[in-house]
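Trainee: Could you take me closely through one part of this model, the way its helices pack against one another, and then follow the thread to whatever lies beside it? I would like a single connected account rather than a list.

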Amino acid sequence: MLRKNRLFTPGPTPLLPAAQTAMASFAMHHRTASFRDLFSRVLADVKDFIGTKNDVLVLSCSGSGVMEASISNLTSPGDKVLVLTAGKFGERWRDLAKAFGCSVEVLSVPYGETFSLDELRHKLKPDVRAVFVQSTESSTGARHDVKSIAKLVRSAGDTLLVVDAITGLGTTPFDVDGWGLDIIIGGSQKALMIPPGLAYCAVSESAWKRMETAKAPRYYFDLRKERKAAAKGESAFTPATSLFAALGAALEYVREMGEGDLAAGREALINNAELAAEMTRAGAQALGLKLFAPSCPATALTAIQSPVGLDSGAIVKEFRESFGAVVANGQGEMKGQLFRIAHLGYYDYLDTIGVLGALEHVLSDVTTKPVEYGAAVRSAQEVYARYSQRQTVSAVARQ
Ligand SMILES: *Cc1c(COP(=O)(O)O)cnc(C)c1O
């Protein structure tokens, strides 16, 4: 059969057609009034998308660039920082903090799990200058309880909290200002449905204040310089101009999802990911597969364990070769043990049902155990049907 290439990876994700069109022939110079208009509009929309009153920046780099900026702008060499790590992206925080000379305390849990708040309470000594965490650990498919973590960090004094929500924004709700998140980070190639190359963040007043005394070296990623430029509708260096055009179109799409209200559109996007994730978990489990992070499954993606004795690389390969579907293998030590299916951004019902249907064929081809065709699809449909029923009931209740 014909195969269409489709991404089911937790970044990059499928591109929104309107965003592709917007960037296709975009050729505006970045120091012009028209680009300043676009830039300022995008920043205002990103602010609504994050749901914050804090200043927002959009930088031309991948998500890790703003992770690095958070370390280099908030810390001085020798500062004690606490990194919460439960996977490859948590380890990235640890390595970045070390690279900038921080004295790094680590609270780690095994891959696939999330943190104990009691252990966090013990580690939160008054001399901890900042805490770094993921909201969704994309390497394991685990979601962390950012609200409770923030509550503990807030009670610890003037410790700053930095959240890598690169796969969290647009898949999980945050009350950025209410919870007191000092920096929250997102990336363009995740829920925002455009190519890699932009990363965005919201920065609290406490974080801006810390930057006045923080001494780690920085140049390209100098957030105070970017803040000053952004106030004039510009970035300090040449921005990825066409990606700004794409981002503008993507945020417009989210606004349409909310019938003209960007915050409502964000909720709709989150609900969409939640439903796709629930359908996928039900489908995988109906085939006898086990989740990799069963106690705290993410909505951005689902990590599924490979059946015992089977390298997940075989599953990834079969998906690609038979169906043109790119699912992600495990990263690092998890390679071969699991595969990951994304739900963040531009995925709909047919994508979700389609990938589960394909999973049934893939398993049938790479394992010896008989597969009951339709089992995954049916379970996902049942989840969807219950959800539709709930929607109808609440619509009736509103009348
Ligand atoms: C994708 C991702 C990143 C950023 O990776 P880049 O390749 O630098 O964009 C960071 N953290 C998480 C949790 C991610 O999913």
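Mentor: A good place to begin is the pair α3 and α4, which are oblique to each other because the angle between them, about 45°, falls neither under 35 degrees nor within the range of 65 to 115. Please keep in mind throughout that this is a predicted model. Helix α3 covers residues 63-74 and helix α4 covers residues 88-99, and their axes lie 10 Å apart. The crossing that these two helices make is right-handed. On the α3 side the contact is made by Ser-64, Met-67, Glu-68, Ser-70 and Ile-71, while α4 contributes Phe-89, Arg-92, Trp-93, Leu-96 and Ala-97. Sorted by class, the residues of this contact comprise six nonpolar, two polar and two charged.

Two residues of that contact, Ser-64 of α3 and Arg-92 of α4, lead on to the ligand. The ligand is surrounded by 14 residues, and Ser-64 is listed with Ser-62, Ser-138, Asp-164 and Lys-190 as the closest of them. For Arg-92, a polar side-chain atom is placed 3.5 Å from an oxygen atom of the ligand. Gly-63, which falls within the residue range of α3, approaches through its backbone instead, with an N or O atom 3.0 Å from an oxygen atom of the ligand. Asp-164, already named among the closest residues, has a side-chain N or O atom 2.6 Å from a nitrogen atom of the ligand.

The other helix packing can be followed through α11, which spans residues 262-286 and which meets both α13 and α2. Against α13 (residues 349-366), α11 packs at an angle of about 15°, with the two axes 10 Å apart. That angle makes α11 roughly parallel to α13, and α11 passes α13 in a right-handed crossing. In this contact Ala-276, Met-279, Thr-280, Gly-283 and Ala-284 of α11 meet Tyr-349, Thr-352, Ile-353 and Leu-356 of α13. The residues involved divide into six nonpolar and three polar, with no charged residue taking part.

With α2 (residues 33-50), α11 packs at an angle of about 55°, and the axes are 8 Å apart. The two helices α2 and α11 are therefore oblique to each other, and α2 also passes α11 in a right-handed crossing. Here Asp-45, Asp-48, Phe-49 and Ile-50 of α2 are in contact with Leu-262, Arg-266 and Leu-269 of α11. By class, this contact holds four nonpolar and three charged residues but no polar ones.

Finally, two details of the backbone in the loops deserve a look. Most residues other than glycine have a negative phi, and most peptide bonds are trans. Gly-11 and Pro-12, however, are joined by a cis peptide bond with omega about -10°, and Pro-12 sits in the loop between β1 (6-7) and α1 (17-24). Met-193, a residue other than glycine, has a positive phi near 70°, and Met-193 belongs to the loop between β9 (183-187) and β10 (198-203).

Notes. Residues are numbered from 1 along each chain as its sequence is written. This is a predicted model: local features need pLDDT of at least 70, side-chain atom pairs count only at pLDDT 80 or more; totals for chains, interfaces and linings use all residues. Side-chain values use heavy atoms; hydrogens and water are left out. Axes are lines fitted to C-alpha atoms, for helices over the stretch in contact, and angles run from 0 to 180 degrees between N-to-C directions. Helices (H or I, at least four residues) and strands (E, at least two) are DSSP runs, numbered from the N terminus. Angles under 35 degrees count as roughly parallel, over 145 as roughly antiparallel, 65 to 115 as roughly perpendicular and the rest as oblique. A crossing is left-handed if the near helix is turned anticlockwise from the far one by less than a right angle, and right-handed if clockwise. Contact means heavy atoms within 4.5 Å. Ala, Val, Leu, Ile, Met, Phe, Trp, Tyr, Cys and Pro count as nonpolar, Asp, Glu, Lys and Arg as charged, and the others, Gly among them, as polar. A residue is near a molecule or strand if one of its heavy atoms lies within 4 Å of it. A polar contact is a pair of N or O atoms within 3.5 Å; within protein, one must be able to donate a hydrogen and the other to accept it, and residues adjacent in sequence count only if both atoms are side-chain atoms.
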